[in-house]
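Colleague: I would like to go through this model with you, one question at a time. Please keep the answers short.

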Amino acid sequence: MKNNKELKVVFSGGGTGGHYYPALSVLKYLNKYYNKLEVIYFTTKGRIEEKKLPTDFPKAKLISLNTKGLERPLYNVKNINRAFEVLSDTRKVEKIIKEFKPVFGFLTGGYVTVPVGLALKKQNIPFYLHEQNSTLGISNKVLSRWAKKVFVSYEETKLNDKFIFTGNPVRTPEKEIPRTYLRNFGIKDLNKRCILVFGGSLGSNEIDELMYKVYEKEKINNYIHITKNQEKFKQFPNVFTFEYIENLYELMAVSDGVVSRAGATTLAEIQFYDLSGILIPWKGSAENHQLKNALSLKKEGKIAVIDEEKVETDEFINFLNHIQPKNTEFIYTPKINKATENIINNIDEIL
Ligand SMILES: CC(=O)N[C@H]1[C@@H](OP(=O)(O)OP(=O)(O)OC[C@H]2O[C@@H](n3ccc(=O)[nH]c3=O)[C@H](O)[C@@H]2O)O[C@H](CO)[C@@H](O)[C@@H]1O
């Protein structure tokens with residue numbers, strides 16, 4: 001039920017969908033309960049949250065920051081400029097929040113959150129962090145000492161009492177979705193397995209290459225494949241390609257399996273929608289966190305975790321062919337994502 005209380009909040013988090021979508025889920029949930037919700041969202045210049053927020057959550061005031069990620073190795077001279085960007089963004093944020101007077105800040109990772117967290121700390125405004133991965137990202141590591149609480153998606157990420165295990169909030173449909181929804185994506189035979197193939201929010205050439213070999217042999221299942229290279233798959237009639245699908249979670253609700261990278265938000269969705277699938281962790285992830293994420297999900301024979309350099313195409317196909325397809329009358333009924341509720345219940349300023 002909506003209440004008439006006023007709530008002013010600052011949000012930040014992004015650079016990739018994995019950081020942005022959890023923030024969006026919490027924001028949408030808050031919006032259900034507060035009639036007078038005012039939000040400033042600090043975004044990464046040119047990245048996903050900046051592009052999608054105006055349609056995903058038009059009510060938020062969007063303020064773009066210049067802070068960029070550090071160059072590796074860290075002793076790169078460019079990092080001197082990066083430090084200056086953080087300083088100047090911190091000053092900019094400070095000025096804005098001094099006037100705006102938010103009740104708290106909610107930050108979900110990505111380098112853009114560093115100046116926002118520093119400014120909130122300087123202004124003595126409490127802020128909360130959310131970590132999607134099994135190991136803390138750099139920004140969250142830096143900011144955690146000043147955060148009021150750090151919400152984590154895996155028990156093993158907890159470092160002290162300030163850390164609270166909540167899970168990772170995922171986007172969820174608010175209405176029923178029938179299996180026939182797949183027809184909107186070109187699929188005709190709803191009896192056949194529908195497998196979603198994608199490489200996180202940024203795409204993956206390696207997954208494209210690997211699946212090409214699968215499609216050369218496997219002609220029965222239907223595949224909805226998200227790729228920057230749609231042309232490559234034109235010849236396969238059972239493969240339906242898209243460059244990006246805005247509401248991928250709606251498709252997850254009625255599909256049977258996934259082949260994907262092991263980004264934390266994707267994994268939370270796989271769990272929430274109870275999908276089977278094959279995970280191919282991205283080796284470039286900081287401290288190999290995608291592998292750690294994936295191994296914590298590996299369960300009950302529903303999930304296989306494989307190394308992209310050691311793929312056996314026949315075994316791969318065999319695994320996919322053991323996934324149980326949903327029946328054609330299947331209807332997804334809305335359910336609440338506990339992680340979002342856990343977070344809201346643990347923010348002291350929300351009454
Ligand atoms: C390269 C990089 O930095 N990767 C990180 C990034 O991944 P990335 O942004 O790829 O994150 P995830 O795989 O966790 O999440 C991707 C999100 O994008 C959505 N989606 C994807 C494709 C599409 O067409 N439509 C769509 O909506 C998915 O449903 C999901 O909600 O953040 C994750 C969470 O912090 C980390 O675990 C990853 O290691």
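Modeller: One definition before we start: the domain bounds used here come from an automatic or database domain assignment. The model itself is predicted.

Colleague: How far apart do the C-alpha centres of domain 1 and domain 2 lie?

Modeller: The chain is divided into domain 1, residues 3–169 + 336–345, and domain 2, residues 177–332. Between the C-alpha centres of these two domains the distance is 29 Å.

Colleague: Which element gives the largest share of the side of domain 1 that touches domain 2?

Modeller: In the contact between the domains, 16 residues of domain 1 meet 14 residues of domain 2. On the domain 1 side, the largest share is 4 residues, and they come from α1.

Colleague: And how many residues on that side of domain 1 are charged?

Modeller: By class, the side of domain 1 that touches domain 2 has 4 nonpolar and 12 polar residues. The number of charged residues there is none.

Colleague: Where does the ligand lie with respect to the domains?

Modeller: The shell around the ligand has 25 residues, and the closest are Thr16, Gly17, Gly18, Gly200 and Gly263. At least two shell residues come from each of α1 (17–33), α7 (248–252) and α8 (264–272). Domain 1 and domain 2 both give residues to this shell, so the ligand lies between them.

Colleague: Why do the buried residues of α6 line one face of the helix?

Modeller: The buried residues of α6 (205–217) are Ile207, Met211, Val214 and Tyr215. Seen down the helix axis, they line one face because they fall within an arc of 95 degrees.

Colleague: Which exposed residues does the face of α6 turned away from its buried side carry?

Modeller: The buried residues of α6 are covered by elements including β9 (194–198), β10 (222–226) and α10 (313–320). The face turned away from them carries the exposed residues Asn205, Glu216 and Lys217.

Colleague: Is aspartate 274 buried or exposed?

Modeller: Aspartate 274 sits in the loop between α8 and β13 (276–279), and its phi is near 50 degrees, a positive value in a residue other than glycine. A residue counts as exposed if 12 or fewer other C-beta atoms lie within 10 Å of its own. Aspartate 274 has 9, so this residue is exposed.

Colleague: Which peptide bond is cis?

Modeller: The proline involved is in the loop between β3 (61–65) and α3 (78–100). With omega near -5 degrees, the cis bond is the one from arginine 72 to proline 73.

Definitions and conventions: Residues numbered from 1 in each chain as written. Predicted model: local features only at pLDDT ≥ 70, side-chain atom pairs only at ≥ 80, totals over all residues. Near = placed C-beta within 6 Å. Buried ≥ 20, exposed ≤ 12 C-beta atoms within 10 Å, placed from the backbone. Arc of directions from axis to C-beta. Contact = placed C-beta atoms within 7 Å. Nonpolar A, V, L, I, M, F, W, Y, C, P; charged D, E, K, R; others polar.
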